[in-house]
Amino acid sequence: MNVMGLIFTNDASLGELTNKRTMASIPFGGRYRQVDFALSNLSWAGIRRVGIISRHNYQSLMNHIGDGEEWGMELQEGGLEFLTPYAMSTNHSYRGKLESLSAAMDFLEFGADDDLVVMVDSAVVSNLDLNKIIASHVKSGKDITVVTKAGVANGEKLLDLAVKVDEKGEAVDMMVDYAAPADYLASIDMFILSKKFLINQVKELIARNYFHMDRDLVMGGWQKGTVSVNIYQFQGFVMYNESIGEYFENTLSLTQPAVRDDVFFRVHPIYTKVRDRVPSYYGEECDIENSLAADGCMLEGRVVDSVLFRQVTVKEGAEVDHCVLMNDAVIGEGAQLKYVILDKNVTVRPGSTLIGTAQNPIIIKGGETV
């Protein structure tokens, strides 16, 4: 059975972190980008034909993925392809995934003879076995499989799609764009369906002025009885990086070995772009506690409960506590940072003090000096 993949880069806003990049290219976990999880999951399942759908700000993403070699998806006919359906848009508006798929119909219709399509979103991070999910979809005989996670719905978090199931695991209720109660399962924005079914549904729904994947295709079709839905419940860690607060909390949670091992190695290793750097340097007076530091760092100060990306410098007397410091950040002597996110190439002057809160961390955009 031939399977193709579609990755939505998700152009929702995370403030300064997405001013010049998509959600898919946000740095995560010290060495990775969020798109690495989708690409790795597809690659390990043997899926080599992948389309990446993005509206704008995709230059950073293209630079990161390059020719796709790290994931075994070298850019070539039948391999990985960037789809930018809004590059020539006349209305410059985005109304939903179905509209994106309609604009990328050539890729769907005139490519390889694929039987199934796996659709994933870059804002949700997980390490899962797609072969098991595909097998569940085929066995169910349903039109579409929705991958879900228990324990996410809490009556507060707004969910794109929430599903309530009975004791047999069959869907009995669905909600979209709603803070569903705790007895609902949260969609992780991953769907499996046949390519023929997807093409037909997109054409028909767009013709009727429907554009929303969750509301119009999944829930709408299920309520009308025209679309059968299989619910797959994923048991591993799932991280929703859909807000600054979630991104910050999830990144810092990687300092916990159990979380880190599940996210990066639970089913298979997560691949990323290879960047050869010298090992990190730990000065005689440095104090590093419960933190992650990527290669190339120069650490002479104190770092606690933080995640440091490549080539971060923390100079003598500086204190970094509960922070996320991206590539090439420089923390000057005696500076104090707590609950801070520094984008790439930020310099903090000696003696400076930046203190946010766990719920509202301070964010410094890339290239700034503070």
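A residue is called buried when its relative accessible area is under 20%. The legends below describe close-up views of a predicted model.

**Figure 1. Helix α1 is mostly covered.** Helix α1 spans residues 35-44, and 9 of its 10 residues are buried. The buried residues are Val35, Asp36, Phe37, Ala38, Leu39, Ser40, Asn41, Leu42 and Ser43. Gly46 follows α1 and has a positive phi, near 80°.

**Figure 2. Buried residues of helix α9 and the elements that cover them.** Helix α9 comprises residues 257-265, and Val259, Asp262, Val263 and Phe264 of this helix are buried. Helix α1 is among the elements that cover these buried residues. The cover also includes strands β3 (32-33), β7 (124-126) and β13 (238-240), together with helix α8 (244-253).

**Figure 3. Helix α7 and the glycine that follows it.** Helix α7 runs over residues 213-224. Its buried residues include Met213, Asp214, Asp216 and Leu217. Val218, Met219, Gly220 and Gly221 of α7 are buried as well. Gly225 comes after α7, and its phi is positive, near 80°.

**Figure 4. A salt bridge between Glu109 and Lys203.** The structure holds 15 salt bridges. In the pair shown here, the closest N and O atoms of Glu109 and Lys203 are 2.5 Å apart. This salt bridge links distant parts of the chain: Glu109 belongs to helix α4 (residues 105-109) and Lys203 to helix α6 (residues 195-207), 94 residues apart. Glu109 has a relative accessibility of 30% and therefore counts as partly exposed. Lys203 also counts as partly exposed, because its relative accessibility is 43%.

**Figure 5. Arg302 forms salt bridges with Asp287 and with Glu289.** The closest N and O atoms are 2.4 Å apart in the pair of Arg302 and Asp287. That pair links strand β18 (residues 302-304), which holds Arg302, to strand β15 (residues 287-289), which holds Asp287; the two residues are 15 residues apart. In the pair of Arg302 and Glu289, the closest N and O atoms are 3.8 Å apart. Because Arg302 lies in strand β18 and Glu289 in strand β15, this pair ties together parts that are 13 residues apart in sequence. The three residues count as partly exposed, with relative accessibilities of 31% for Arg302, 33% for Asp287 and 39% for Glu289.

**Figure 6. Lys157 and its surroundings.** Salt bridges with shared partners join Lys157, Glu242 and Glu246 into one network. Lys157 is located in the loop between β8 (144-149) and β9 (159-165). With a relative accessibility of 13%, Lys157 counts as buried. When neighbours within four places in sequence are left aside, the contacts of Lys157 are Val152, Tyr178, Ala179, Ala180, Tyr240, Glu242 and Glu246. Both acidic partners in the network, Glu242 and Glu246, thus appear in the contact list. Between Lys157 and Ser13 the C-alpha to C-alpha distance is 16 Å, with a separation of 144 residues in sequence.

**Figure 7. A negative surface patch that includes Glu333.** Glu284, Glu285, Glu300, Glu316 and Glu333 form the patch. Glu333 is placed in the loop between β22 (330-331) and β23 (336-342). Its relative accessibility is 38%, so Glu333 counts as partly exposed.

**Figure 8. Asn209 and Asn345, two asparagines with positive phi.** Most residues other than glycine have a negative phi. Asn209, in contrast, has a positive phi, near 70°. This residue, Asn209, is found in the loop between α6 and α7. At 53% relative accessibility, Asn209 counts as exposed. For Asn345, phi is again positive, near 60°. Asn345 sits in the loop between β23 and β24 (347-348). Its relative accessible area is 41%, so Asn345 is partly exposed.

Conventions. Residues are numbered from 1 along each chain as its sequence is written. This is a predicted model: local features need pLDDT of at least 70, side-chain atom pairs count only at pLDDT 80 or more; totals for chains, interfaces and linings use all residues. Side-chain values use heavy atoms; hydrogens and water are left out. A salt bridge is a side-chain nitrogen of Lys or Arg within 4 Å of a carboxyl oxygen of Asp or Glu. Helices (H or I, at least four residues) and strands (E, at least two) are DSSP runs, numbered from the N terminus. Buried means under 20% relative accessible area, exposed over 50%, partly exposed in between (1.4 Å probe, protein chains only). Patches are made of residues with over 30% relative accessible area and no salt bridge: like charges are joined within 9 Å, nonpolar side chains (Val, Leu, Ile, Met, Phe, Trp, Tyr) within 5 Å. Accessible areas come from the Shrake-Rupley method with a 1.4 Å probe; for residues, only the protein chains shown count as cover. Lys and Arg count as positive and Asp and Glu as negative; His and the chain ends are not counted. The place of a charge is taken as NZ of Lys, CZ of Arg, CG of Asp or CD of Glu. Contact means heavy atoms within 4.5 Å.
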